Amino acid sequence: MLRIHHTSASPLPLPFSFKDIHNLCCEEPNESSSSSTAARQPELDSSLSIPGADNRIVVYFTSLRAVRSTFEDCSAVRSILRGFHVSIDERDLAMDSRFLSELQGILGARKQTLPRVFIGGRYMGGAEEIRQLHETGELKKLVNGLAAAEPGTCGGCGGYRFLLCHDCNGSHKLYTQKTGFKTCTACNENGLIRCPYCSCAPF
Ligand SMILES: [Zn+2]
Ligand SMILES: [Zn+2]
């Protein structure tokens with residue numbers, strides 16, 4: 001849930017298109033049946049990587065409960081990863097649609113479910129892969145050497161990873177006498193900017 005204090009009385013605009021999230025959340029039934037016969041191996045492909053995230057974990061997830069299994073997978077993976085007390089950049093697709101395009105840019109157009117996890121910049125897979133790596137003890141080795149988690153809750157954003165845009169006060173619109181209302185370019189569709197204190201590679 002979004003509980004950032006608002007200066008205006010208007011409610012936060014709805015998150016971006018729910019359809020996009022649904023596309024990501026709904027598993028392709030054919031895909032899973034074909035892969036279940038083969039031994040499940042984490043999809044380790046070093047070409048799928050996030051530049052500039054060498055010393056931390058990056059998790060793409062959703063805070064929306066639209067699809068229950070996806071929501072539960074996201075929560076489970078986040079709590080497994082948090083248990084290692086290393087630096088994690090959690091990218092909530094419900095907070096900013098640019099995370100979706102970012103993820104598609106890395107993994108390509110093929111259908112992906114959430115969560116998606118990158119450790120030290122390298123793609124590790126989703127909930128299934130992370131659970132398996134955790135059970136075999138591999139995960140502990142993989143996170144070894146990553147930066148330590150920032151102590152306590154971020155003082156900048158209170159742990160939400162986003163701040164209300166200063167330019168438009170979260171309305172995502174700017175008014176000038178010359179042009180009237182125009183879209184604020186400093187923030188995302190929810191009038192938020194990524195917290196500069198706890199997010200790497202801000203937009
Ligand atoms: Zn922060
Ligand atoms: Zn703005």
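Colleague: Which residues are the protein donors of the zinc ion, ligand 1?

Modeller: In this predicted model, four cysteine sulfurs do it: C154 (SG), C157 (SG), C195 (SG) and C198 (SG), lying 2.3 Å from the zinc ion (ligand 1).

Colleague: And what is the geometry of that site?

Modeller: The site of the zinc ion (ligand 1) is tetrahedral, with angles of 104 to 114° among its four donor atoms.

Colleague: How are those donor residues spaced in sequence?

Modeller: The spacing is C-x2-C-x37-C-x2-C. Within that set, C154 and C195 link distant parts of the chain, 41 residues apart. C154 sits in the loop between helix 6 (138–143) and strand 5 (162–164), while C195 is in the segment after strand 8 (192–194).

Colleague: Are C154 and C195 buried or exposed?

Modeller: Both C154 and C195 are buried.

Colleague: OK, on to the other zinc. What are the protein donors of ligand 2?

Modeller: For the zinc ion (ligand 2) they are C165 (SG), C168 (SG), C184 (SG) and C187 (SG), lying 2.2 to 2.4 Å from the metal.

Colleague: Why is that arrangement tetrahedral?

Modeller: Because the four donor atoms around the zinc ion (ligand 2) subtend angles of 104 to 117°. Tetrahedral here asks for all angles between 85 and 135 degrees.

Colleague: What spacing do the ligand 2 donors follow along the chain?

Modeller: They follow C-x2-C-x15-C-x2-C. C165 lies in the loop between strand 5 and strand 6 (173–176), and C187 in the loop between strand 7 (180–183) and strand 8, so the pair ties together parts that are 22 residues apart in sequence. C165 and C187 are buried as well.

Colleague: Let's step back to the whole chain. How many helices and strands are there?

Modeller: The protein chain has six helices and eight strands. Along the sequence the pattern reads α-α-β-α-β-α-β-β-α-α-β-β-β-β.

Colleague: What share of the residues counts as buried?

Modeller: Of the 203 residues, 41% count as buried. As for contacts with a separation of 6 or more, 72% of them are between residues 24 or more positions apart.

Colleague: Which residues have the most contacts inside the largest nonpolar core?

Modeller: They are I57, Y60, L81, V117, F118 and I130, in a core of 37 residues. Elements that each supply at least two residues of this core include strand 1 (57–61), helix 3 (68–82), helix 4 (98–107) and helix 5. The core draws at least three residues from each of domain 1 (18–143) and domain 2 (153–203).

Colleague: What does Y60 touch, leaving out residues up to four places away in sequence?

Modeller: Quite a list: I50, R91, L93, F99, E102, L103, I106, L114, P115, R116 and F118.

Colleague: Which residues make up the other core?

Modeller: That one lies apart from the largest core and has five residues, among them C154, L163, C195 and C198. Three of those names came up earlier: C154, C195 and C198 are donors of the zinc ion (ligand 1).

Colleague: You had P115 in the Y60 list. What kind of peptide bond joins L114 and P115?

Modeller: A cis peptide bond, with omega about 0°. P115 is placed in the loop between helix 4 and strand 3. For background, most peptide bonds are trans.

Colleague: Which residue in the loop between helix 3 and strand 2 should I look at for its phi?

Modeller: Look at H85, in the loop between helix 3 and strand 2 (88–92). Its phi is near 55°, a positive value in a residue other than glycine. H85 is exposed, with a relative accessible area of 58%.

Colleague: And what about phi at N169?

Modeller: N169 has a positive phi of about 60°, although it is not a glycine. N169 lies in the loop between strand 5 and strand 6 and is partly exposed, with a relative accessible area of 44%.

Colleague: Last topic, confidence. What is the mean pLDDT of the chain?

Modeller: The mean is 81, and 74% of the residues reach 70 or more. Among the elements, helix 5 (residues 127–135) has the highest mean at 97, and helix 2 (residues 29–35) the lowest at 42.

Colleague: Where does pLDDT stay under 50?

Modeller: Over residues 6–19, for which the model has 18 contacts beyond four places in sequence, and over residues 25–43, with 17 such contacts.

Key
Residues numbered from 1 in each chain as written. Chains lettered and ligands numbered in written order. Predicted model: local features only at pLDDT ≥ 70, side-chain atom pairs only at ≥ 80, totals over all residues. Heavy atoms only, no water. Donors = N, O, S within 2.8 Å, 3.2 Å for Na, K, Ca; no water. Tetrahedral: all angles 85-135°; square planar, octahedral: opposite > 155°, others 65-115°. Helix = DSSP H or I, 4+ residues; strand = E, 2+ residues; numbered from the N terminus. Buried < 20%, exposed > 50% of the residue type's maximum accessible area, 1.4 Å probe, protein only. pLDDT = per-residue confidence, 0-100. Contact = heavy atoms within 4.5 Å. Core = buried A, V, L, I, M, F, W, Y, C linked by side-chain atoms within 4.5 Å. Domains from an automatic or database assignment.
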